[in-house]
Amino acid sequence: MTFKLNKIHKAVNWNKEDDNFTQAFWEQNVKQFWLPEEISVSKDLKNWNELSDKEKELYKKVLAGLTLLDTKQGNNGIPSMMSLTENLQRKAVLSFMGTMEEIHAKSYSSIFTTLLSNGEIDELFEWIESEKTLQRKAELILEAYENVSDKKSLYLSMITSVFLESFLFYSGFFYPLFLAGQGKMVASGEIISLILRDESLHGKYIGLLAQEIHSTFNENEKKELSDRMYIIFNNLMENEIEYTNLIYKDSNLEAEVINFLQYNANRALENVGFEKYYKVEAINPIVLNGLSIETKTHDFFSTKGNGYQKGIYEELEDEDFII
Ligand code: MN3
Ligand code: MN3
């Protein structure tokens, strides 16, 4: 059979390093692998029944909002970035991260199925579809993810991904961290901590890829892209504040959550090589404690929750990612 090849098809070769950080990220991602089935959420049932209706309502809603974000990240964000990434080791890291997004999305359902009735779960998923600030957030993100056709749009898609993972998630993470820090809903809080640990790795990796692309643009292009980045940033923040004020109303926590969002928005900008944007107040120490990798489970990176230890993992440090 004669056959004309359209191009040369390459196979991924892990025997040499394509760059000096991707293999380290692969290893760390794989070490962090976890499944929701490893954490027994039923321990939270007693606690759950002691929460007020308003507290339950808020808890359900933050997890529902997070479910939508992880769904979009797994189904749209990662695939769109993968499609324009040429390097095969990098594609593999992104693919693994995409799988983790699906595991994150599924882990919220494992919390719901333990705590809620089928009717309540259906209602919650209907709420996701009817809540305008959530739907708008998804649209703003998809606008970047679905229009990836060249280097500039790939860059903006990566920036948006870092905003989602290092900033938008935190309006949702706040409340589980706040409760777990007071000894409430601790098992569900462990799931959130595992997700947060993954997102922090993802934000760093995609931030590095974005910075590498950024370095290839000329000054005019950099200016144009930074203007477009801040438009995306401000649109997302404006919507996030509206969302936060809505779901956290009656909790008296709105201002603290918005401050926490701004703190994480600064970290997201740093991940992509930009200066901090907000001057923030001190973060609630209960929540900050949940964020810290050194505290909570003593060695945050070596355990999978209180009393659960699958393997001995090396602690992830910023120095691991100096390129
Ligand atoms: Mn995720
Ligand atoms: Mn992620």
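**Surface patches and a two-manganese site**

Glu120, Asp122, Glu123, Glu126 and Glu129 come together on the surface as a patch of negative charge. The model in which this patch appears is a predicted one. One member of the group, Glu120, belongs to helix H5, which spans residues 118-130. With a relative accessible area of 31%, Glu120 is classed as partly exposed, because this value falls between the 20% limit for buried residues and the 50% limit for exposed ones.

A second surface feature is nonpolar in character: Met1, Phe3, Leu5 and Ile8 make a patch of about 600 Å². Met1 sits in the segment that precedes helix H1 (22-31). Its relative accessible area is 93%, so Met1 counts as exposed.

Attention now turns to the metal ions, beginning with ligand 1. The manganese ion (ligand 1) is held by Asp70 through OD, Glu101 through OE, His104 through ND1 and Glu199 through OE, at 1.8 to 2.2 Å. Read along the chain, the donors of this manganese ion (ligand 1) follow the spacing D-x30-E-x2-H-x94-E. Distant parts of the chain are linked here by the pair of Asp70, in helix H3 (residues 53-84), and Glu199, in helix H8 (residues 186-214), which are 129 residues apart. Asp70 has 0% relative accessibility and therefore counts as buried. Glu199 is likewise buried, as its relative accessible area is 0%.

The other metal site can be described in a similar way. Around the manganese ion (ligand 2), the coordinating residues are Glu101 (OE), Glu165 (OE), Glu199 (OE) and His202 (ND1), at 1.8 to 2.1 Å. In sequence, the donor residues of the manganese ion (ligand 2) show the spacing E-x63-E-x33-E-x2-H. Glu101 is in helix H4 (residues 88-115) and Glu165 is in helix H7 (residues 151-180), so this pair ties together parts of the chain that lie 64 residues apart in sequence. Both of these residues, Glu101 and Glu165, are buried.

How are the two sites connected, and which residue bridges the manganese ion (ligand 1) and the manganese ion (ligand 2)? Glu101 does so, and the two ions lie 3.5 Å apart. Glu199 also appears among the donors of the manganese ion (ligand 1) and among those of the manganese ion (ligand 2). For a reader following the model by eye, Glu101 in helix H4 and Glu199 in helix H8 are thus handy places to start.

Terms used
Residues numbered from 1 in each chain as written. Chains lettered and ligands numbered in written order. Predicted model: local features only at pLDDT ≥ 70, side-chain atom pairs only at ≥ 80, totals over all residues. Heavy atoms only, no water. Donors = N, O, S within 2.8 Å, 3.2 Å for Na, K, Ca; no water. Helix = DSSP H or I, 4+ residues; strand = E, 2+ residues; numbered from the N terminus. Buried < 20%, exposed > 50% of the residue type's maximum accessible area, 1.4 Å probe, protein only. Patch = residues over 30% accessible without salt bridge, like charges linked within 9 Å, V, L, I, M, F, W, Y side chains within 5 Å. Areas by Shrake-Rupley, 256 points an atom, 1.4 Å probe, with all protein chains shown as cover. Salt bridge = Lys/Arg side-chain N within 4 Å of Asp/Glu carboxyl O. Lys, Arg positive; Asp, Glu negative; His and termini not counted. Charge placed at Lys NZ, Arg CZ, Asp CG, Glu CD.
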